[in-house]
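Hi everyone, and thanks for coming. I'd like to walk you through one model today, so please have the viewer open.

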Amino acid sequence: MKILFVEDNPTIAKGLCYSLAQNHYDTIWVDSCLKAREILSKNVFDLLLLDVTLPDGNGFQLYQEIQDMVKIPTIFLTAKDEEEDVICGLELGADDYITKPFSTKEVLLRISKILSRQERGKKVIIEGITFDVDKQTVYSDGVEIVLTSLERKILFYLIQNKNKVVTRESLLDKIWEWTGNDVEDNTITVYMKRIRKKLEKEIIITLKGMGYRIDE
């Protein structure tokens with residue numbers, strides 16, 4: 001997922017950019033409306049994190065300009081917490097609005113929810129295997145591949161991060177999040193072996209010392 005982050009406070013920007021990178025989000029940070037316009041003319045983004053008060057303009061106005069060119073899901077990040085500003089941002093069509101100070105976990109959660117909404121109804125087909133993201137089911141030539149609950153969660157986590165490396169550490173963290181249980185590192189190896197056997201196709205790439213990747 002590629003994110004454009006428009007924020008003029010370098011302390012906030014650097015801290016959040018670091019956390020976004022740790023969670024496998026490809027983020028470009030700019031600190032003005034002018035730079036945002038320039039980068040948007042050359043790149044395509046999946047999400048916009050946009051401050052309202054910028055040194056060379058208003059975030060609401062910039063948002064309207066951007067949406068006239070291309071529709072990008074947007075979260076406003078701003079110190080303005082007056083009710084009218086929140087209503088203004090949402091009425092313009094923004095997906096969410098977070099007031100400063102905010103926690104990194106809150107931002108990541110909001111981003112995850114928007115990503116989930118974008119993925120709904122989407123089907124990913126890789127080497128003849130169909131991943132129905134909405135139904136969380138997997139098919140090979142029309143026949144459903146039966147996976148356990150945890151196998152399915154691991155596989156769709158890889159699909160959600162397709163074309164990116166998913167580290168073993170992040171998978172261990174996710175398993176703890178899903179199950180509440182700590183597992184040993186070799187557990188990941190066991191699950192990958194089982195998933196590969198059921199898929200019957202080598203679409204999961206192992207990167208030694210790093211993790212795993214599925215390419216679309």
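Let's begin at a pair of strands: β10, residues 137-140, and β11 run antiparallel and are joined by two bridges. Strands here are DSSP E runs of at least two residues, helices are H or I runs of at least four, and both are numbered from the N terminus. For two strands to count as paired, DSSP has to find at least two bridges between them. One bridge to look at puts S140 together with V143 in β11.

A word on the ground rules before going further. This is a predicted model, where local features need pLDDT of at least 70 and side-chain atom pairs count only at pLDDT 80 or more, while totals for chains, interfaces and linings use all residues. Residues are numbered from 1 along each chain as its sequence is written, and side-chain values use heavy atoms, with hydrogens and water left out.

Now back to the strands. The β10 and β11 strands belong to an open sheet of four strands, ordered β8-β9-β10-β11 with antiparallel pairing. At its edges are β8 and β11 (143-144), each of which pairs on one side only. Helix α6 packs on this sheet, where it touches β8, β9 and β10, and its direction makes about 95 degrees with that of β9. For the record, contact means heavy atoms within 4.5 Å, and the angles, from 0 to 180 degrees, are taken between N-to-C directions of lines fitted to C-alpha atoms, for helices over the stretch in contact.

Which other sheet does α6 pack on? There is an open sheet of three strands, in the order β12-β14-β13, again with antiparallel pairing. Here β12 (166-167) and β13 (204-207) each have a single partner strand, so one side of each is left without a neighbour in the sheet. Two bridges join β12 to β14, and V166 stands opposite Y212 in β14. Helix α6 packs on this sheet by touching β12, β13 and β14, with its direction at about 70 degrees to that of β14. Helix α8 packs there as well, touching β13 and β14, and its direction makes about 150 degrees with that of β13.

So what fills the interior? In soluble globular proteins, nonpolar side chains tend to be buried together. In this model the largest nonpolar core has 27 residues, and those with the most contacts inside it are F131, V138, L155, L199 and I204. By nonpolar core I mean a set of buried Ala, Val, Leu, Ile, Met, Phe, Trp, Tyr and Cys residues joined through side-chain atoms within 4.5 Å. Buried is under 20% relative accessible area, exposed is over 50%, and partly exposed lies in between, using a 1.4 Å probe and protein chains only. The elements β8 (123-126), β9, α6, α7 (168-179), α8 (185-199) and β14 (211-214) each supply at least two residues of this core, and α6 gives the most, with seven. If you click on I204, its contacts include L155, M192, L199 and Y212, leaving aside residues up to four places away in sequence. A second, separate core has 20 residues, among them A36, L48, I66 and I72.

How many aromatic pairs are there? The structure holds five; rings of Phe, Tyr and Trp (its six-membered ring) pair if their centres lie within 6.5 Å, with planes under 30 degrees apart called stacked, over 60 edge-to-face and the rest tilted. One of them, F131 with F156, is edge-to-face, at 6.1 Å centre to centre and 85 degrees between the planes. That pair links distant parts of the chain, since F131 is in strand β9 (residues 129-132) and F156 in helix α6 (residues 149-160), 25 residues apart. F131 counts as buried at 0% relative accessibility, and F156 is buried too, at 6%. Elsewhere, ring pairs link F60, Y63, F76 and Y97 into a cluster.

Two polar residues deserve a click as well. S170 lies in helix α7, is buried at 12% relative accessible area, and touches H24 and Y157, not counting residues up to four places away in sequence. Q67 sits in helix α3 (residues 59-69) and is buried at 11%.

To finish with the whole chain: there are eight helices and 14 strands, and buried residues make up 44% of the 216 residues.
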